[in-house]
Amino acid sequence: MAYNQAAKVYGNNRVNTASQAELTLMLYEGAVKFGNIAITALEKKDYETTNTNIQKCRNIIVELTSTLNMKYAVAEDFKKMYDYIFALLIHANLEKDMEMLDRAVSEIRDMRDIWKQIMGKTKGPQLTLDMK
């Protein structure tokens with residue numbers, strides 16, 4: 001019980017003290033995590049768990065989309081990618097389509113990895129983005 005409480009406090013502190021770039025990375029990490037859980041559940045034909053975790057993944061994609069500042073040209077590219085991933089997730093959930101789910105999670109994983117590279121080149125927390 002105490003461990004769970006300590007983990008919760010740590011998680012809250014981590015989010016509250018994170019930079020915008022770190023928060024974005026956390027969102028990507030969460031989307032990959034929930035996507036992987038959905039893949040495992042779909043393999044087991046546990047459709048309730050699959051649905052729950054695809055929904056969580058979709059919600060993160062919506063959050064990432066909502067943080068875009070469209071005054072920057074690159075934001076349109078991100079929006080297109082997020083829209084594509086969102087569509088893959090919807091299709092995967094409706095059709096219980098493993099190929100679409102794998103593709104969506106792979107795209108998110110690629111975006112996360114690119115984001116990590118960008119953070120590394122800009123010294124991580126010093127990266128500031130005008131996301132909104």
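1. Helices and strands are taken here as DSSP runs, with helices of at least four residues and strands of at least two, numbered from the N terminus. On that basis the protein chain has 5 helices and 0 strands. Along the sequence the pattern reads α-α-α-α-α. The structure is a predicted model.

2. Confidence should be considered before any detail is read. The mean pLDDT of the protein chain is 87, and 80% of the residues score at least 70. Helix H3 has the highest confidence, at a mean of 98, whereas helix H1 (residues 2-17) has the lowest, at 54. Over residues 124-128 the pLDDT stays under 50, and the model has 9 contacts beyond four places in sequence for that stretch. Where pLDDT is low, predicted coordinates should not be read in detail.

3. Of the 132 residues in the protein chain, 35% are buried. Among contacts between residues at least 6 apart in sequence, 65% join residues at least 24 apart. One pair distant in sequence is Ala21 and Trp115: 94 residues separate them along the chain, yet their C-alpha atoms are 8.3 Å apart. Ala21 belongs to helix H2 and is buried, its relative accessible area being 0%. Trp115 is among the buried residues of H5.

4. The largest nonpolar core holds 29 residues, and those touching the most other members are Tyr28, Ile61, Tyr82, Ile85, Leu89, Leu101 and Ile108. Helices H2 (20-43), H3 (47-66), H4 (73-95) and H5 (98-121) each give two or more residues to this core. H2 supplies the largest share, 9 residues. Leaving aside residues up to four places away in sequence, Ile61 touches Tyr82, Ile85, Phe86, Leu89 and Ile108.

5. Helix H4 has 23 residues, which at 1.5 Å a residue should span 33 Å; its end C-alpha atoms are 34 Å apart, in agreement with that value. Its buried residues are Ala75, Tyr82, Ile85, Leu88, Leu89, Ala92 and Asn93. Their cover includes H2, H3 and H5. After H4 comes Lys96, which has a positive phi near 50°.

6. How many aromatic pairs are there? The count is 2. Phe78 and Tyr82 form a tilted pair, with 6.0 Å between ring centres and 50° between the planes. The two residues are 4 apart in helix H4 and are therefore separated by about one helical turn. An α-helix has 3.6 residues a turn, so residues three or four places apart point the same way. The two partners nevertheless fall into separate exposure classes, because buried requires under 20% relative accessible area: Phe78 is partly exposed at 23%, whereas Tyr82 is buried at 2%.

7. Helix H5 has 24 residues and reaches 34 Å from its first C-alpha to its last, close to the expected 34 Å. At its N-terminal end Asp97 acts as a cap, with a side-chain oxygen 2.9 Å from the backbone nitrogen of Glu99. The buried residues of H5 are Met100, Leu101, Ala104, Val105, Ile108, Met111, Arg112, Trp115 and Met119. These residues pack against H2, H3 and H4.

Note on methods: Residues numbered from 1 in each chain as written. Heavy atoms only, no water. Core = buried A, V, L, I, M, F, W, Y, C linked by side-chain atoms within 4.5 Å. Buried < 20%, exposed > 50% of the residue type's maximum accessible area, 1.4 Å probe, protein only. Contact = heavy atoms within 4.5 Å. pLDDT = per-residue confidence, 0-100. Expected span 1.5 Å × (residues − 1). Polar contact = N/O pair within 3.5 Å; in protein donor to acceptor, adjacent residues only side chain to side chain. Phe/Tyr/Trp six-rings, centres within 6.5 Å; stacked < 30°, edge-to-face > 60°.
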